[in-house]
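Work through the following exercises with the structure open beside you, and try each task before reading its solution.

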Amino acid sequence: MSWFVSYVRSSVGAKQLMAVTGLGLVLFAIVHMIGHLGMFSGRDHYNAYAHFLQGLGGLKWIARGGLLTIFVVHMITGISLARANAAARPQKYVVQRYTRTTFYARTMALTGLVVLAFIVYHLMHFTLGWIQPDYFHHLDDKGRYDAYSMFVLGFKNTGILISYLVAVTLLCLHLAHGAGSWLQSLGLNHPKYAVLTKNAGPALALILIAGYLAPPLGVAFNLIKL
Amino acid sequence: MSDMNLTLHIWRQAKGTAAGAMKTYQVKGISEHASFLEMLDVLNEQLQEKGEEPVAFDSDCREGICGMCSLVINGRPHGPDAGTTTCQLHMRRFKNGDEIYIEPFRAGAFPVVRDLCVDRKAFDDIVAAGGYVTANVGSAPDANAVPIPKEQADRAFDAAACIGCGACVAACPNSSAMLFTAAKVAHLAHLPQGQPERLRRVKAMVTAMDAAGFGNCSNHYECEAACPKGISKDYIALMNRDYAKSVFVAKDAKAVSDGAG
Ligand code: SF4
Ligand code: FES
């Protein structure tokens, strides 16, 4: 396995590790978004979806374990790369003008860390039920865990709504760079699909921000109600 | 056209181990036809007349082909123009009364030798690690003795246009040397002579690049924007691909881990 260790420690290997783990996280973000758009289909559907996920048993824990591993690897590699990159220029420029990069590409470490903090909070809120424990144990009329009401009641809280809007925006800025960058890192690059390489990140970020903001805003504007 | 008076802010550093700082100078009567380096020559004459140390900066060919000139001018390596080395930058690009900030190419792997001169030996180390073909090929073969499709030859030539100036490193937010290394890898990867050692080469050169202390590429593409020779970031994709192959696909794992011969 020493060959694999030296691979992920190399500059190219580390960025490919970021690409592969990042891609896994983007796919999760897409599935997670689609799942929550189910809020628009009413309490019964949404609770059925939540019930289905809860009922996956062992599979659920495998998915959670895999996701956690990917996440931790992405985070640790990202932090160590950001530190090495900062150290690679000990004396900074007095004047430096960028012409090609974007502000979201240059703030990957920052947006990544804020998203990390948000995800911890998000899990404490909706997975562990620590933030609003009163809403966590409702059951619906079919005796299922009432995820729908937890969602609605949660986002009725303005503070929670605003923190969510900010976090999702930062996540999508992170993805505006990352969700396209992996193609270059893995060497998937050809004039035939150069348009994809160039635009995949911003395009996906726009889709995700719309998809993630719609249900909570739906709650805020009373399109989704109890 | 009238001559220009300029305010220059220049990084002065007596030697690598000394602390440096920006220092301000005035130059007067610069012709718009002068090159940027000629403008610095004028400044140095003024300094010498006053008995001050002239500003040290690198140059050699002064025609955009040797890669010796460097300088970050107003925050951009080789100055404001695309596809231009510092020696090919002309003063008509500036106007009377401008303030110009002049700094060395900055990277830990490019230590300052003096003032604006940096040591780019790390690039030599990368090339020495594998930027060649080991077979002794004798004298130059007849043209077209080895058939090479025109597109391949063009791409090899585009990569070979890299003059090793280091502007890619200087421009990169991460001080990464990926564009330079990729150009050297891609040049040979597009030619039949480069095939036998292709994966061994990419592995050895990336290893040397990492050992030199350059940063890691995170796909900002400032390198491509700064490169005076228009080297494409697509060569970095090729290097990424070949590097992965050298790790996951190459059969001669032993030879690979030993580096190029
Ligand atoms: S890739 Fe371009 S910027 Fe980098 S060393 Fe070669 S010529 Fe200079
Ligand atoms: S001095 Fe040779 S490229 Fe500028």
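Helices and strands are here DSSP runs, numbered from the N terminus, where a helix has at least four residues and a strand at least two. The model is a predicted one, and the exercises below deal with its chains A and B in turn.

**Exercise 1. The make-up of chain A**

Task: State how many helices and strands chain A has, and give the order of its elements.

Solution: Begin with the count, which comes to 9 helices and 0 strands for chain A. Next, follow chain A from the N terminus, and the elements read α-α-α-α-α-α-α-α-α. Then turn to the extent of the chain, whose C-alpha trace spans about 60 × 45 × 40 Å along its principal axes. Finally, look at burial, and you find that 39% of the 226 residues of chain A count as buried.

**Exercise 2. The surface and charges of chain A**

Task: Find what share of the exposed area of chain A is supplied by carbon and sulfur atoms, and how far apart the centres of its positive and negative side chains lie.

Solution: The area that chain A exposes is about 12200 Å², and carbon and sulfur atoms supply 72% of it. For the charges, count 17 positive and 5 negative side chains in chain A, and then take the centre of each set, which gives two points that lie 31 Å apart.

**Exercise 3. A helix with a buried side**

Task: Determine whether the end-to-end distance of helix α3 of chain A agrees or disagrees with the expected span, and work out where its buried residues lie.

Solution: Helix α3 of chain A covers residues 43-54, and because a rise of 1.5 Å a residue gives its 12 residues an expected span of 16 Å, the distance of 16 Å between its end C-alpha atoms agrees with that expectation. The next step is to pick out the buried residues of α3(A), which are A:Y46, A:N47 and A:A50. Seen down the helix axis, the buried residues of α3(A) fall within an arc of 95°, so they line one face of the helix. The other side of α3(A) carries the exposed residues A:H45 and A:F52. As a last step, ask what the buried residues of α3(A) pack against, and you find α2 (11-37) and α7 (147-156) of chain A.

**Exercise 4. The make-up of chain B**

Task: Describe chain B by its secondary structure, burial, contacts and charges.

Solution: The secondary structure of chain B comes to 9 helices and 7 strands. Of its 261 residues, 53% count as buried. Among the contacts in chain B with a separation of 6 or more, 70% are accounted for by residues 24 or more positions apart. The charged side chains of chain B number 27 positive and 31 negative, and the centres of these two sets are 5 Å apart.

**Exercise 5. A second helix**

Task: Name the buried residues of helix α2 of chain B and say which elements they pack against.

Solution: In helix α2 of chain B, residues 121-128, the buried residues are B:A122, B:F123 and B:I126. Because they cover an arc of only 105° around the axis, they are on the same side of α2(B). Turned away from this buried side is a face that carries the exposed residues B:D124 and B:A128. The packing partners of the buried residues are α4 (167-171), α5 (178-189) and α6 (198-211) of chain B.

**Exercise 6. A residue in a loop**

Task: Decide whether B:T85 is buried or exposed, and find which residues it touches.

Solution: First place B:T85 in the loop between β4 (76-77) and β5 (99-103) of chain B. Its relative accessibility is 3%, and because buried means under 20%, B:T85 counts as buried. Leaving aside residues up to four places away in sequence, B:T85 touches B:G64, B:C69, B:H78, B:I163 and B:P228.

**Exercise 7. Positive phi angles**

Task: For A:N222 and B:D115, give phi, the place in the chain and the class of accessibility.

Solution: A:N222 is not a glycine, although its phi is positive at about 65°. A:N222 is found in the segment after α9 (194-220) of chain A, and at 40% relative accessibility it counts as partly exposed. B:D115 is likewise not a glycine, and its positive phi is about 45°. The place of B:D115 is in the loop between β6 (112-114) and β7 (117-118) of chain B, where B:D115 is buried with a relative accessible area of 2%.

How values were computed
Residues numbered from 1 in each chain as written. Chains lettered and ligands numbered in written order. Predicted model: local features only at pLDDT ≥ 70, side-chain atom pairs only at ≥ 80, totals over all residues. Heavy atoms only, no water. Buried < 20%, exposed > 50% of the residue type's maximum accessible area, 1.4 Å probe, protein only. Contact = heavy atoms within 4.5 Å. Lys, Arg positive; Asp, Glu negative; His and termini not counted. Charge placed at Lys NZ, Arg CZ, Asp CG, Glu CD. Expected span 1.5 Å × (residues − 1). Arc of directions from axis to C-beta. Areas by Shrake-Rupley, 256 points an atom, 1.4 Å probe, with all protein chains shown as cover.
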